[in-house]
Amino acid sequence: PIAALIHESRHLLREHAHVSAALLEKRDALATHEESVREIQAQMLQHSSLRARVCRVQALVGEQKAVSRGLERDLKDLRRMAMIDIDQNENKDARLVEEAVQHYRRAKAALASVAAYRSRLAE
């Protein structure tokens, strides 16, 4: 009976060693999996940040398009006023020139806005 008990205890020790080794492998696999999860979470944060930047750039592009449309309208107004100026008598010339100067100043301010947009976009 003692020899059988010794044999059984050795068998149980071997089995315990195998189970311990399997548990260590599973622990290592779990650690690797957790590392992969952390990497994926970091990539998701980067993706979210990039999406936010894309949204900001799209908003800036929208602003720039609005400014461009305003500049086009001002340019059309300036052309129209230039044609009217040619056809008008000299009494109205001073007023039209002043309006043209005001339109020019607005267009210049709009161009400054476009330059600021480009500067922000470059960031």
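# Notebook: a two-helix chain

**Entry 1. The overall fold.** I counted the secondary structure and found two helices and zero strands in the protein chain. I then looked up the radius of gyration, which is 39 Å. The globule rule gives 14 Å for 123 residues, so the chain is more spread out than a compact globule. I noted that this is a predicted model.

I checked the box next. Along the principal axes, the C-alpha atoms fill roughly 130 × 15 × 10 Å.

**Entry 2. Surface and burial.** How many of the residues count as buried? I got 11% of the 123 residues of the protein chain. The accessible surface comes to about 10400 Å². Carbon and sulfur atoms hold 60% of that surface.

I also looked at contacts between residues at least 6 apart in sequence. Of these, 65% join residues at least 24 apart.

**Entry 3. Charges.** I listed 21 positive and 18 negative side chains. The centres of the two sets lie 1 Å apart. Side chains of opposite charge can pair when their charged atoms come close. I therefore searched for salt bridges, using a cut-off of 4 Å between a side-chain nitrogen of Lys or Arg and a carboxyl oxygen of Asp or Glu. The structure holds two.

**Entry 4. The pair Glu-35 and Arg-38.** One salt bridge joins Glu-35 to Arg-38, with the closest N and O atoms 2.9 Å apart. Both residues lie in helix α1, which covers residues 2-87. They are three residues apart, so about one helical turn separates them. Are they buried or exposed? Glu-35 is partly exposed at 36% relative accessibility. Arg-38 is partly exposed too, with a relative accessible area of 46%.

**Entry 5. The pair Arg-27 and Asp-28.** The other salt bridge is between Asp-28 and Arg-27. Here the closest N and O atoms are 3.6 Å apart. Asp-28 is partly exposed, at 44% relative accessible area. Arg-27 reaches 52%, so I put it down as exposed.

**Entry 6. Asp-74.** I went further along helix α1 and picked Asp-74. Asp-74 is buried yet has no salt bridge. Which side chain of opposite charge is nearest? I found Arg-106, 4.8 Å away. The cut-off for a salt bridge is 4 Å, so I did not count this pair. Leaving out residues up to four places away in sequence, Asp-74 touches His-103, Arg-106 and Ala-107.

**Entry 7. His-103.** I followed that contact across to His-103, which sits in helix α2, residues 90-122. Why does His-103 count as buried? Its relative accessibility is 12%, and buried means under 20%. I listed its contacts, setting aside neighbours within four places in sequence. They are Asp-74, Asp-77, Leu-78 and Met-81.

**Entry 8. One last distance.** I compared His-103 with Glu-35 from Entry 4. How many residues lie between their positions in sequence, and how far apart are they in space? They are 68 residues apart in sequence. From C-alpha to C-alpha, the distance is 61 Å.

Note on methods
Residues are numbered from 1 along each chain as its sequence is written. This is a predicted model: local features need pLDDT of at least 70, side-chain atom pairs count only at pLDDT 80 or more; totals for chains, interfaces and linings use all residues. Side-chain values use heavy atoms; hydrogens and water are left out. Helices (H or I, at least four residues) and strands (E, at least two) are DSSP runs, numbered from the N terminus. Buried means under 20% relative accessible area, exposed over 50%, partly exposed in between (1.4 Å probe, protein chains only). Contact means heavy atoms within 4.5 Å. The radius of gyration is taken over C-alpha atoms; the globule rule is 2.2 Å times the number of residues to the power 0.38. Accessible areas come from the Shrake-Rupley method with a 1.4 Å probe; for residues, only the protein chains shown count as cover. Lys and Arg count as positive and Asp and Glu as negative; His and the chain ends are not counted. The place of a charge is taken as NZ of Lys, CZ of Arg, CG of Asp or CD of Glu.
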